[in-house]
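Visitor: Please take me through this protein one question at a time, and explain each term when it comes up.

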Amino acid sequence: MLENQFKIDAKRADRDQANLVRDVIDYALSSKNVVVIIDGFDQFPQEDHEQIVYSYSVDPDGQKCHWIITSRVHSIDEHRTDQKIFDDRSWIRVRINPFTPEQQDQYFDKPDHQGKAIGRRWERTLASRAAMGEILGLPMVLWMIRQLIEVSESNPPIFATLSQLYLITSRMLLVRALN
């Protein structure tokens, strides 16, 4: 939609579309109205980390932007110790806490798109809820458990170990990403 508007505006002004786009970008940068969002910083290769750090700290255009970067804590801490990015004076850190057991139960108590709630039946898929506590705090894992229960309603899987739950949900993530 935005690209089409650029084409229309470029024709009206009898200008090259690339120049119009560059003018809009320059205007947004000079007005400090650009937000760069990088999701999953810790999953990028090292050379991409270096490019992002350069863009944020050295590149004049990058310095005119607002930055939002999501990452696991260990990666933020590692880069912060290098003093190139993520220092406490320039960055606001926000941490998303994992779901509590009460929030996990609330999630399964909510009805799905067909109006059916799973309720406490989900706990029967776990040999030991306590042993799987950390991974159950992740919303995506809960969503995958819900999908598995809905697909095999009469005979849902039972996860005996944390490794088994991790393996099955990781496979689901890969299938989802590849499709």
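Visitor: How many aromatic pairs does a search of the whole structure find?

Guide: This is a predicted model, in which local features need pLDDT of at least 70 and side-chain atom pairs count only at pLDDT 80 or more, while totals for chains, interfaces and linings use all residues. Residues are numbered from 1 along each chain as its sequence is written, and side-chain values use heavy atoms, with hydrogens and water left out. Rings of Phe, Tyr and Trp (its six-membered ring) pair if their centres lie within 6.5 Å, and the planes count as stacked under 30 degrees apart, edge-to-face over 60 and tilted for the rest. Searching the whole structure, the number of aromatic pairs found is six.

Visitor: What is the angle between the planes of Tyr 56 and Trp 91?

Guide: Tyr 56 belongs to helix α3 (residues 46–57) and Trp 91 to the loop between α5 (73–81) and α6, so the pair links parts of the chain 35 residues apart, where helices (H or I, at least four residues) and strands (E, at least two) are DSSP runs numbered from the N terminus. Both Tyr 56 and Trp 91 are buried, buried meaning under 20% relative accessible area, exposed over 50% and partly exposed in between (1.4 Å probe, protein chains only). The rings form a tilted pair, 5.0 Å centre to centre, and the angle between their planes is 45°.

Visitor: Which element gives the largest share of the largest nonpolar core?

Guide: A nonpolar core is a set of buried Ala, Val, Leu, Ile, Met, Phe, Trp, Tyr and Cys residues joined through side-chain atoms within 4.5 Å. The largest one has 14 residues, and among those that touch the most other members are Trp 122, Ile 145 and Leu 165. Two or more residues come from each of α7 (133–136) and α8 (139–151), and the largest share, five residues, comes from α8.

Visitor: Why does Leu 165 count as buried, and what is its relative accessible area?

Guide: Leu 165 is found in helix α9. Leaving aside neighbours within four places in sequence, Leu 165 is in contact (heavy atoms within 4.5 Å) with residues including Leu 126, Ile 145 and Phe 159. Leu 165 counts as buried because its relative accessible area is 0%.

Visitor: How far apart are the C-alpha atoms of Gly 119 and Asp 109?

Guide: Gly 119 lies in the loop between α6 (101–109) and α7, and it is buried, with a relative accessible area of 14%. Apart from neighbours within four places in sequence, Gly 119 is in contact with Phe 108 and Asp 109. Although Gly 119 and Asp 109 are ten residues apart along the chain, their C-alpha atoms are separated by 4.4 Å.

Visitor: How much space lies in the largest pocket?

Guide: On a 1 Å grid over the protein atoms alone, a pocket is an open set of points where a 1.4 Å probe fits, with protein on both sides within 12 Å along at least five of seven lines, and lining residues have an atom within 4 Å of a point. Grid points are joined across faces, edges and corners, and a volume is the space filled by probe spheres set on the points. Of the 36 lining residues, the closest to the centre are Thr 70, Ser 71, Arg 72, Val 73 and Ile 96. The space in the largest pocket is about 1,600 Å³.
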